[in-house]
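Reader: I should like to learn how the terms applied to a protein model are justified. May I put some questions to you about the one shown here?

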Amino acid sequence: MQIQGETSVNKLIVLFVFDKMETALSERIILEMCSVGNTWLNYMDCKELLSRLLDDGFICRISSPEEEPLYAITGDGRESLNNFYINIPKSIRDEISAFIKNNSGKLRNRQECKSDYYQNVDGTYTVFLKIIAPVQPMLELKFVVPDKKTAQNIYKNWECKASDLYSAIYETLID
């Protein structure tokens, strides 16, 4: 369900998404959640709302220099949401809550787990794997592998296995 022409309600919808996700979000993830994967807002309105919310101080940009910017709800944004929460139609609140409950882990992984690979001059491949926290990387790994197929498998599997790998490395190193 999409509400067009109701800018203040649409701003509240975006703030509600931030509140429910409980983490900083990239513009790509916000746009995907609100307009591509769902029809809570149209794409262009959502992009414009992010800019307005940033200008109004309801969200702030959190970024490390080499990564895409992340945005988080501010105290003013949370206060505004608390004061006007009831203006978001209950059906949309319920839909957002259900979507986030079912998809938040997958969305976080897609945002926080980055991978890339390239071919080296000797024919091997280097695979870069990274888990990004809001301010700085939590983990960075670099592998040299013998072939493209291995590089592609690591690249493809990183998103779903990053959390388990991080936990295993952390537990091994602190023992």
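The exchange below takes up some terms and the values behind them.

Author: Please note at the outset that this is a predicted model. The protein chain comes to six helices and six strands, and from the N terminus on its elements run α-β-α-α-β-β-α-α-β-β-β-α. Of its 175 residues, 38% count as buried.

Reader: Why is Tyr43 called partly exposed?

Author: A residue is buried under 20% relative accessible area and exposed over 50%, with partly exposed in between. The relative accessibility of Tyr43 is 38%, so Tyr43 counts as partly exposed. This residue is found in helix α3, which covers residues 43-56.

Reader: Which residues does Tyr43 touch, leaving aside those up to four places away in sequence?

Author: Contact requires heavy atoms within 4.5 Å. On that basis Tyr43 touches Leu31, Ser35 and Val36.

Reader: What makes the buried residues of α4 line one face of the helix?

Author: In helix α4 (residues 75-84), the buried residues are Gly77, Ser80 and Leu81. Seen down the axis of α4, they fall within an arc of 100°, and therefore they line one face of the helix. These buried residues pack against α1 (7-21) and β3 (70-73). The face turned away from the buried side carries Gly75, Asn82 and Asn83, which are exposed.

Reader: In what order do the three strands of the open sheet stand, and how are they paired?

Author: The order is β4-β5-β6, and the pairing is antiparallel. Strands of a sheet pair through backbone hydrogen bonds, either parallel or antiparallel.

Reader: Why do β4 and β6 count as standing at the edges?

Author: β4 (113-119) and β6 (137-145) each have a single partner strand, so one side of each is left without a neighbour in the sheet. Direction ignored, neighbouring strands of this sheet are turned by 15° against each other on average.

Reader: How do you know that β5 and β6 are paired?

Author: Two strands pair if at least two bridges are found between them. Eight bridges join β5 (residues 125-132) to β6, so the requirement for pairing is met. As one example, Ile132 has Pro137 in β6 as its bridge partner.

Reader: Which strands of the sheet does helix α5 touch, and which does helix α6 touch?

Author: Helix α5 (residues 90-112) packs on the sheet and touches β4 and β5; its direction makes about 40° with that of β4. Helix α6 (residues 148-174) also packs on the sheet, touching β4, β5 and β6, and its direction makes about 150° with that of β4.

Conventions. Residues are numbered from 1 along each chain as its sequence is written. This is a predicted model: local features need pLDDT of at least 70, side-chain atom pairs count only at pLDDT 80 or more; totals for chains, interfaces and linings use all residues. Side-chain values use heavy atoms; hydrogens and water are left out. Helices (H or I, at least four residues) and strands (E, at least two) are DSSP runs, numbered from the N terminus. Buried means under 20% relative accessible area, exposed over 50%, partly exposed in between (1.4 Å probe, protein chains only). The arc is that of the directions from the helix axis to the C-beta atoms. Axes are lines fitted to C-alpha atoms, for helices over the stretch in contact, and angles run from 0 to 180 degrees between N-to-C directions.
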